[in-house]
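I opened this notebook to record what I looked up in one structure. The entries follow the order in which I consulted it.

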Amino acid sequence: MEEYKNSFSIKQWAEGDRPREKLVLKGKTALSDAELIAILIGSGNRGESAVQLSKRILQASENNLNQLGKASVKQLMKFKGIGEAKAISIVAALELGRRRRGEEALQRKKVTSSDSVYEVMQPIIGDLDHEEFWILYLNNSNKILQKLQLSKGGITGTIVDVRLAFKNALEIGATAVILAHNHPSGTLQPSTADKQLTQKLKIAGESLDIKVLDHLIVTQKSYFSFANEGLL
């Protein structure tokens with residue numbers, strides 16, 4: 001029984017094949033996604049090494065880290081060998097990765113196209129299972145002054161306070177804004193409510209000499225731009 005148990009232990013592998021040692025010897029980019037997750041969980045179960053267990057976890061998420069990032073602690077704990085502590089480690093690591101992507105995007109600061117807006121907003125709202133409505137406040141050089149969540153809703157919609165949106169714009173001296181919200185369903189087509197809200201915000205902005213430059217519908221893999229489609 002002891003021999004059976006140890007046969008799946010990473011400690012029995014050649015040193016160059018062990019995830020931790022491989023990272024030290026060859027660098028982090030040499031490791032597969034499964035090997036990186038194996039480092040997080042430390043050990044597998046009686047029938048699998050940490051790497052084998054990590055591969056199975058990834059396969060359940062279609063080998064997609066963005067998909068895995070949506071998994072909850074309880075969902076991860078359904079895998080044999082993944083207790084609460086290991087599940088929390090995976091969730092925390094993937095959340096750090098998501099936040100890092102958001103910070104890297106914000107370092108660009110200046111908005112030059114709808115693509116650049118998507119790069120800023122996708123890490124924030126692209127993977128959520130509920131709708132959130134955000135606004136980016138820009139100066140006259142199209143540099144981002146601030147990003148703000150205006151509302152958080154359910155699976156199918158959210159309510160936006162137009163007064164709050166422009167009150168904040170006036171307080172920070174923004175000359176333009178860009179709207180963004182996500183569609184958890186993955187559909188990129190704007191609803192009638194999306195179009196009506198966009199026009200409402202556009203009209204309100206015009207009265208204050210604050211231009212609504214664009215409104216993006218963000219999903220995990222793509223986006224819809226009101227400006228690109230001539231809807232502004």
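The entries below concern a sheet, a pair of aromatic rings and a pocket.

**Entry 1. Status of the model.** I note at the outset that this is a predicted model.

**Entry 2. The sheet.** I asked in which order the strands of the sheet are arranged. I found five strands in an open sheet, ordered β2-β1-β3-β4-β5, with mixed pairing. The edges are held by β2 and β5 (223-225). Each of these two has a single partner strand, so one side of each has no neighbour in the sheet. I also looked up the angle between neighbouring strands of this sheet: they are turned by 20° against each other on average, direction ignored. For background, I recorded that strands of a sheet pair through backbone hydrogen bonds, in either a parallel or an antiparallel sense.

**Entry 3. The β1 and β2 end.** I examined strand β1 (residues 132-138) and strand β2 (residues 144-152), which pair in the antiparallel sense over seven bridges. As one point of reference, I located W134, whose bridge partner in β2 is Q149. The two strands β1 and β2 form a hairpin, and five residues lie between them. In the turn I noted N142, which has a positive phi of about 60°.

**Entry 4. The β4 and β5 end.** I then turned to strand β4 (residues 211-218), which is joined to β5 by three bridges and runs antiparallel to β5. Here L216 stands opposite S225 in β5.

**Entry 5. Aromatic pairs.** How many aromatic pairs are there? I recorded a count of two. One of them is formed by F224 and F226, in an edge-to-face arrangement with 5.6 Å centre to centre and 90° between the planes. I then asked whether F224 is buried or exposed. F224 has a relative accessibility of 10% and therefore counts as buried, since the limit for buried is under 20%. F226 is likewise buried, at a relative accessible area of 1%.

**Entry 6. The largest pocket.** I looked up the space in the largest pocket and found about 990 Å³. Its lining comprises 31 residues, of which A93, L94, E95, G97 and R98 lie nearest the centre of the pocket. Which helix supplies the largest share of the lining? I found that α7 does, with 11 residues. At least two lining residues come from each of α3 (33-41), α5 (65-68), α7 (84-106) and α8 (114-125). By residue type, I recorded the lining as 16 nonpolar, five polar and 10 charged.

Key. Residues numbered from 1 in each chain as written. Predicted model: local features only at pLDDT ≥ 70, side-chain atom pairs only at ≥ 80, totals over all residues. Heavy atoms only, no water. 1 Å grid on protein atoms, 1.4 Å probe; cavity = no way out; pocket = protein on both sides within 12 Å on 5 of 7 lines; lining within 4 Å. Points joined across faces, edges and corners; volume = space filled by probe spheres on them. Helix = DSSP H or I, 4+ residues; strand = E, 2+ residues; numbered from the N terminus. Nonpolar A, V, L, I, M, F, W, Y, C, P; charged D, E, K, R; others polar. Pairing = 2+ DSSP bridges. Phe/Tyr/Trp six-rings, centres within 6.5 Å; stacked < 30°, edge-to-face > 60°. Buried < 20%, exposed > 50% of the residue type's maximum accessible area, 1.4 Å probe, protein only. Axes fitted to C-alpha atoms, helices over the stretch in contact; angles between N-to-C directions.
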